[in-house]
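The following exchange concerns how particular terms are applied to one model. Each answer sets a value beside the definition behind it.

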Amino acid sequence: MAVDQTYRRLSRRSLIKLTAAGGLASALPSTFLCPEALAQGRKVLNTMITPEPPIAVPGINNQGPTLIVGSKLFEGLLSYSPRLGARPALAKSWEVGSDDLTYTFNLQTGVTWHDGKPFSADDVVFNLTKLHPEVNPRLRATLANIESAVAKDPATVVIKLKTPFEPFILNFDATTLPMLPKHLYEGTDVRNNPANQNPVGTGPFRFGEWQRGNFIRFVKFDKYWQPGKPTLDEIVYRIIPDSNLRGVALQSGQVQMAAFNDIEAFDVPRFRGLPNLEVAINGWELFAPLSWIDINNRVKPLDNPKVRRALSMAIDRNFILNRLWFGVGKVATSPICSSTKFHDASVRLPAFSVAEANKLLDEAGLPRKADGTRFELRFMTLPYGEIWNRLGEYIRQAFGQIGVKLNAEAVDAATWARRVGEWDYDLTVNFVYQWGDPTIGVERTYVSSNIQKITFTNTMGYSNPKVDAAFLKARQSAKAEDRQAAFSEVQKILVDEMPVIWLLELAFPTITDKRLKNVITSATGIHDNFAGVTLG
Amino acid sequence: MDASHFLMFLVQRLIKALGVVIGVVILAFFLVRLAPGDPALVIAGQSGAADAQFLAQLRQQFGLDKSLGTQLLIYLKGIATLDFGYSHRVQRTVGSLIAERLPATILLTATAFIFAVSVGVTLGVLAARRVGTWADSLITVIALTCYATPLFWVGLIFILVFSIWLNWLPAIGMYSIGEDLHGLAFAWDVAQYLVLPSLTLGLFFMALYARLTRASMLEVATQDFVRTARAKGLKEGPIVRRHILRNALLPVIGFAGVQAGTIVGGSVLVETVFAWPGVGRLAFEALLARDYNLLLGVFIVTSAMAVVINLITDVIYALVDPRIEVGA
């Protein structure tokens, strides 16, 4: 997960004004000029990116904005349908051997890098065996399982795994395993390679210009391998730090698309009402960001599953979804998102009930004191923008009803990351990507082998040998049925023991001008290469 | 004040200034490291997945595995050769990043400064000359309003009125992207983008200068030498210009020096509200990402500018009022 939304913090104060400004603005006709948008009949997509990414090369940097921007320049071997089925990209077809170990990828022919050099199987092998194992911590375990990767001919790559790994096929899209050019990266210091400043990919757009703090411009790649594509001439990502101003830019037509962090969920109703705009909340199925209250399981009385269960029951997730997120997203029902494979629909979180929660706490031997409270906890709010503050306020209020007093601690993103990494918290909020398969995106949060002093590991310190065993079984099974059985067991145990309190399956709104078509067509939505996007 | 005396003064002040800058470097070096979290942790956190190996790699790459003293030495050595180091997050040299963003901030703040001083002093003089009339009241009310209104709110109202309602001026950015303008056409384009942010930034100080000038003028006007000038039968015009204004301007100049010195820090908010690609926001982003080198680079460049501006203020002070001893 984890995208630094703290840029919003500065502008939070001005949000109050937004209500005034936004309300007034919506009552007025859109007269704001966008001279560059339609200049000389060139099809330029003006959009935004928040916050500004450090570089535009996915793989070397994996922050959300980098993935969104970089996927226009770089491509993966595959892409995924909204139901997570594999679809061709740089690979036109692929086969999995009957041993469940051999993967053969047949590549598209006639693909060139933006600098004119041909793309070939050697590039793929280099990415699989050298580049990504070095720079991409998320892929390290997956790629370490590769016994060999060989270029049989310029258009064929054969990968042999050490052990069967069913979710292997979910690792080949542009956000996970983008293909970077071997001829520019081989034998260099990859993280400081000059090519990171002038990216060279195979995508439909090539790097144009980047004015730090102002805009990033990509232009059409004339030698793109798919004939007749792309149809856009340019994509301009504007860097607009203030969320009010982003709203103004969208509403006035100065940009034709807002996505990801650009517009806060509570502004969405305002844009839903505008006739020239469309709001979509799909296109996040692969990432499936799941939000939860992160619990330090070492802290008393949070080490008692009964207490964690009581806290979970004190929370009205429908209120959070409808009143805070204005319907963008879904209520979480289990530790595995509904769009992620092996989600078990029969597993359910205990229903919202303040009375039941109070009863559980009484049973746990934590009676109310004279002042009405049972115990106090420290609570770090997530410093990623206004909406997380509002969520924090709701949680404080909800826990107050069952006599749990939260002492809020406001921190900035770096401090938050450090304190979670050092286990220096009682409660906080977090959201984590699930990456399509529980072995890839869910396991890491709950297995005891991943209890580390590093953010986005099992920082809560939850440990259950049964859960460890089930995750391991699922990881090593080649058959989907066996994996389903293991994951169903995991979901039942986790919901029972509640190591974290799951809240929402998050989504980010994509708001587009109605003239813009074919934006979201896959499980990665705005992270697609935009080759087929048209601006009418 | 003769030439050699003045030169001595300049050399002395420059040495002092250098000392101040070195002090700032060392202090800043430790201050930024006081904030919890380091750049490796931030980057690892933002990557969404990290392991100990990845963190160790990053720390080694950033030089964070060395002792603080060694890090400081390496840094000072770099600064001595005007090498501000490397931003690992953005993968660019700090020098190039600052060089790219500084002109935007200087343009914005210099315009705001000129606007604030010229309009503020003019309004202050007008008010003082017409003290007690409706013009004085009007100017005082305007000054008070501008003084009391928060910057970001002014900015948003400007955007609402001049960009959205009237559609006269652009609100976002510094120039039209994709127009490929040059020469005068480009200057005109930038000028239009400059109006709202520089007004927003300048209004507060304009109000200050107006109030300061007015009060100072009124005070000086009651002094003996003014009465003497009047008694000698001098005309009102020269009295106001040469006796009153010249003396009344001293506190204004002092304050202008202060404003010019704090100009970069003050622009963060305006750069945010108008998406102005300046160095203030660069520093803010660097702070959030614990991008030590970049943050320090901005600190040093801006504090060096502040020191230089201070020096210039002192010189101007001396020129306006020769009674002030520069060497003292």
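Helices (H or I, at least four residues) and strands (E, at least two) are DSSP runs, numbered from the N terminus. This is a predicted model in which local features need pLDDT of at least 70 and side-chain atom pairs count only at pLDDT 80 or more, whereas totals for chains, interfaces and linings use all residues. Residues are numbered from 1 along each chain as its sequence is written, chains are lettered from A in the order in which they are written, and side-chain values use heavy atoms, without hydrogens and water.

Q: What makes residues 186-209 of chain B helix rather than strand?
A: The span is 100% helix and 0% strand, and its end C-alpha atoms lie 32 Å apart.

Q: How do you know that residues 138-166 of chain B are listed as a transmembrane region?
A: An unreviewed UniProt entry places that feature there; such annotations may be inferred rather than shown by experiment. In the model, this span is 90% helix.

Q: What is the area buried between domain 1 and domain 3 of chain A?
A: Buried area is the accessible area (1.4 Å probe) that two parts lose on being put together, summed over both. Here the value is about 720 Å², with carbon and sulfur atoms giving 69%.

Q: How many salt bridges are counted between domain 1 and domain 3 of chain A?
A: The term requires a side-chain nitrogen of Lys or Arg within 4 Å of a carboxyl oxygen of Asp or Glu. The count is zero.

Q: How many residues of domain 1 of chain A are in contact with domain 3 of chain A?
A: Contact means heavy atoms within 4.5 Å; nine residues of domain 1 of chain A meet 11 residues of domain 3 of chain A in this way.
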